[in-house]
Each structure stands twice: as structure tokens, then as C-alpha cells.
Amino acid sequence: MAGIGLRALHHAEFLRVQPATGWVEVHSENFFADGGADLELLEQVRSAYPLSCHGVGLSLGSTDPLDAEHLRRLARLVRRFEPALVSEHCSFSSVDGRFVNDLLPLPYTEEALAHMVSRVGQVQEILGREILIENPSSYFEYNNSVIPEWEFLAELSRRSGCGLLLDVNNVYVSSCNNGFDAAGYLSNVPGERVGEIHLAGFSIEQFGNREILVDTHSARVHQPVWQLYDLAIRLFGRVPTLIEWDLDLPALDVLVDEARHAEAVMEARDARVA
């Protein structure tokens, strides 16, 4: 089943049109308020669509203490709306209490793995449920990384019991920037642990004489990413798939059209299997 990310620009139109999309994902932090119009809107959305809550602010990979107030508000949101999926990122955004507006990749070491296992375990204990952890996009690799990203995520899932949110666009972007085989990455992901897939568009930037792919969520899904998604569905079967779009938001119809494309890929896989 394919769904779309719901952003504030589309709130009113979404409720009025109630588009034919399988489910909806929201950023958890946008609904942390004690009350108000946004929560009332989410009540209406939740009454008509399955919901996923996707976090972007927990900074799981940081060595800063986990934010107890953030977790309290997340737990409250999860209790109230009972989303089908709850997710966060394999990344960090803060050092000594100072935050950056990005999701920074971790060095893939045994020390970082043990840290992430502990942090994910704490979050799952507080929420009383499994969460999904998403692979980040990256533009460099640490010299001290000794574990391939796919192995790091697989082991994180095995040790902590979390599921995986596989962002296929991130796999493609990182593979181009860091020079690994994206198809090989997918073939090493434990498919039984993949609970959700993200798709999005990227942009291409020039830095000196080097071309970098940037995970901007600002365009339609690019054809190479659709091809990689087709491989993912062949490997893992049907997985709830989300179209993400955060910058230069298009008309709501465009998001729904992209979700239909993802649904068509899954239906084609079903036809081959039948």
C-alpha cells in the first residue's frame, strides 16, 4: 500500500478532497502541542486513513542524553493516535545540546552500534512498541567506519528488535556520493525486518569539480530510484511505501500520482508472482 507525507500546505485540501491514498505519514514533532487546530486536524485524518508517525528530532545517535520531554510528548502522541508505524533515523543532530538542521550519519563502528542499540532500546521501552529506524543519506564516509551501512542496520535490528525503514532514495543518493553498489546494498538488507519504504526526489549540486546528489525531497522520484525500488519490491515483496516531498511542494495531485506509481510497481510484482 502506498501513501503520502502530509504537510501543512495541503491540510485543508486533504480534508476536503480525501484523496485515494493508502495511508498518511506526518512528522511527529509537528503534533507535539498540548492542543489546537493541528491535533484536531490529525484526529480527522486518523479517522479516515492509517497513520505513520515519523520523527526527525530525537537525535538518536548523539551522545547527548535522550530528551525526556521529547519522548514524553512522542509517547503521548502515540497513545492518542495509535499509528500503525513509528519511526526515527540512524543519525544524530546534536552535540552538547546544540542542534543542526540536518540528519548527520554516524561512523559505523562497534561503539556506535552498541550506542544505537541502547538508545533504540530505551525508546522502545518508553513507547512500549517496536519502532523503525531509517538509513540516512550521506555525502561522505568516516575514515574510522569499519562496518558497511547495511550490516550496521541489520545488526541494529537484530540486537534491539527494531524494524527498518528503508529509504530507497537515500540508498541511491549515498551510493552515488560514496561509490558503493546500491543493488548490492539492497540484497544484504534483511527483508523480513523492513517495515516501510520511503521514496523521494533528489537534486544535483556541483562542488568544485565534484557532482553531489542531495536528498532534498523537492522533486518527483527519479527514474534510477524507481528502478531500485522495483528491485526492493522484488526482494522484499509488498512493503508500505511513502512518497516524501518537503521542499517546493507541488499540488496534492502530484503526490497522489507518485503514490499510484509506487502502487503500480507493487501490483506488477504481485502479477509476476501469481
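**Note on the predicted model: barrel, core and selected residues**

1. D96 is exposed, at 71% relative accessibility. The residue lies in the loop that joins β5 (92-95) to β6 (98-104). Its phi is positive, near 55°, and D96 is not a glycine. Most residues other than glycine have a negative phi, so this backbone setting deserves a look. Keep in mind throughout that the model is predicted.

2. S59 shares the backbone theme. Its phi is also positive, at about 50°, and S59 is not a glycine either. The residue sits in the loop between β3 (51-54) and α3. Is S59 buried or exposed? It counts as buried, with 4% relative accessibility. Buried here means under 20% relative accessible area, and exposed means over 50%. So S59 falls on the buried side of that scale, while D96 falls on the exposed side.

3. Now the overall fold. Eight strands form a closed barrel in the order β1-β2-β3-β4-β7-β8-β9-β12, and the pairing is parallel. From one strand to the next, the twist averages 30°. One step of the barrel can be checked in detail. Strand β7 (residues 132-134) pairs with strand β8 (residues 163-167) over 3 bridges, in the parallel sense. Within that pairing, E134 has L165 of β8 as its bridge partner.

4. Helix α6 (residues 168-178) packs on this part of the barrel. The helix lies across β7, β8 and β9 (194-199). Its direction makes an angle of about 60° with β8.

5. N177 belongs to α6. Its relative accessible area is 6%, so N177 is buried. What does N177 contact, leaving aside neighbours within four places in sequence? The list is S138, Y139, R210, E211, I212 and L213. F140 is 37 residues from N177 in sequence, and their C-alpha atoms are 7.1 Å apart in space.

6. Several of those partners of N177, including R210 and E211, lead to a hairpin. Strand β10 (residues 203-207) and strand β11 (residues 210-214) pair in the antiparallel sense, with 5 bridges. Q206 has E211 of β11 as its bridge partner. The hairpin leaves 2 residues between the strands. G208 sits in that turn and takes a positive phi of about 60°.

7. The largest nonpolar core holds 78 residues. Which residues have the most contacts inside it? They are L166, V168, I197, L199 and Y229. Helix α9 (residues 252-273) gives the largest share of this core, 8 residues. In soluble globular proteins, nonpolar side chains tend to be buried together.

8. L166 is worth inspecting by itself. Beyond residues up to four places away in sequence, L166 touches N135, V171, Y185, L186, V189, V194, E196, I197, H198 and F236. One of these, I197, is also among the residues with the most contacts in the core. Another partner, Y185, belongs to an aromatic cluster with W150 and F180, linked by ring pairs. With ring centres within 6.5 Å as the rule, the count is 8 aromatic pairs.

9. α9 also carries an exposed residue. D253 is found in this helix. Its relative accessible area is 56%, so D253 counts as exposed. D253 and S174 are 79 residues apart in sequence, with C-alpha atoms 29 Å apart in space.

10. Helix α4 (residues 110-127) has regular length. Its 18 residues span 26 Å from the first C-alpha to the last, close to the 26 Å expected at 1.5 Å a residue. Its buried residues are A112, L113, M116, V117, R119, V120, V123, Q124 and L127. The cover over them includes α3 (68-81), β4 (85-89), β7 and α5 (149-160). Just after the helix comes G128, with a positive phi of about 70°.

11. R159 gives a view of α5 against α4. R159 lies in helix α5. Its relative accessibility is 38%, so R159 counts as partly exposed. Its contacts, setting aside neighbours within four places in sequence, are E110, L113 and V117. Among these, L113 and V117 are buried residues of α4. L77 is 82 residues from R159 along the chain, and 26 Å separates their C-alpha atoms.

Definitions and conventions: Residues numbered from 1 in each chain as written. Predicted model: local features only at pLDDT ≥ 70, side-chain atom pairs only at ≥ 80, totals over all residues. Heavy atoms only, no water. Phe/Tyr/Trp six-rings, centres within 6.5 Å; stacked < 30°, edge-to-face > 60°. Core = buried A, V, L, I, M, F, W, Y, C linked by side-chain atoms within 4.5 Å. Buried < 20%, exposed > 50% of the residue type's maximum accessible area, 1.4 Å probe, protein only. Helix = DSSP H or I, 4+ residues; strand = E, 2+ residues; numbered from the N terminus. Contact = heavy atoms within 4.5 Å. Pairing = 2+ DSSP bridges. Axes fitted to C-alpha atoms, helices over the stretch in contact; angles between N-to-C directions. Expected span 1.5 Å × (residues − 1).
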